[in-house]
Amino acid sequence: MTDRGRRPWQRLADRLYGPARPGVFAEAVNDLRSWLREDRVALLVAAGVTVLIALLALADAPTVGHAAGAAYTLLALFGLWLIVVQTGQLALGHAALLGIGAYVTAFLRLRAGFDGLTAAISAALFCGATGWFVACGTSRLRPAFTSLATWTFGWLGTLAVVAFPDLSGGTGGIAFGAPLEVRIAPLG
């Protein structure tokens, strides 16, 4: 395939990493299938996410709110399971990253005027950078100290919310003036 027929992200990936070896995508799909077959928790999470996506697409506003709350809880539990069970690390601060993501998203929506999707993507990138920064500092520590460092990071997130109420809304959080309407363009 010529370079003209490729998408920009494919050209960038080829420049950074070289072309993908033949069959790598089929191998990734097979690895994902075997992981889901072997690991019941991952299968339950995938099924839960599928149900939540269906609820989001087919439901009214209160159900969307409940589904979003369930998705956040499911995501937090899956993150904790992934960190503690799969890697064997006692990391206790990943909930702080969820809180940072929520506050950054709300801040960008209300005060910077971003739309929901752009704010969520920007917050995810910010949280990824923050998580990478914390991981750089804690990856060299022994497991006991890793758990203490990440626990401290979680407490620092809580203290930041309380210390800067003008920015964060305090312990009450950032409140939206009116309920949000979910609009999915293809569905109307």
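**View 1. The length of helix α5 in the predicted model**. Helix α5 has 17 residues, and at 1.5 Å a residue they should span 24 Å. The end C-alpha atoms of α5 are 25 Å apart, so the expected span and the model agree.

**View 2. Buried residues of α5**. Which residues of α5 are buried? They are His-94, Ala-96, Gly-101, Ala-106 and Leu-108. An α-helix has 3.6 residues a turn, so residues three or four places apart point the same way.

**View 3. The second largest pocket and its lining**. This pocket has a volume of about 520 Å³. Its lining is made of 22 residues; Gly-99, Ile-100, Tyr-103, Gly-157 and Val-161 are the closest to the pocket centre. Helices α5 (94-110), α7 (143-163) and α8 (165-168) each give two or more residues to the lining. Which element gives the most? It is α7, with 8 residues.

**View 4. Residue types in the lining of the second largest pocket**. The lining holds 16 nonpolar and 6 polar residues. No charged residue is part of the lining.

**View 5. The whole protein, for context**. The protein has 8 helices and 0 strands, and its pattern along the sequence is α-α-α-α-α-α-α-α. Of its 188 residues, 18% count as buried. The protein exposes about 13,700 Å², and carbon and sulfur atoms supply 69% of this area. Among contacts with a separation of 6 or more, 50% are between residues 24 or more positions apart.

How values were computed:
Residues numbered from 1 in each chain as written. Predicted model: local features only at pLDDT ≥ 70, side-chain atom pairs only at ≥ 80, totals over all residues. Heavy atoms only, no water. 1 Å grid on protein atoms, 1.4 Å probe; cavity = no way out; pocket = protein on both sides within 12 Å on 5 of 7 lines; lining within 4 Å. Points joined across faces, edges and corners; volume = space filled by probe spheres on them. Helix = DSSP H or I, 4+ residues; strand = E, 2+ residues; numbered from the N terminus. Nonpolar A, V, L, I, M, F, W, Y, C, P; charged D, E, K, R; others polar. Expected span 1.5 Å × (residues − 1). Buried < 20%, exposed > 50% of the residue type's maximum accessible area, 1.4 Å probe, protein only. Contact = heavy atoms within 4.5 Å. Areas by Shrake-Rupley, 256 points an atom, 1.4 Å probe, with all protein chains shown as cover.
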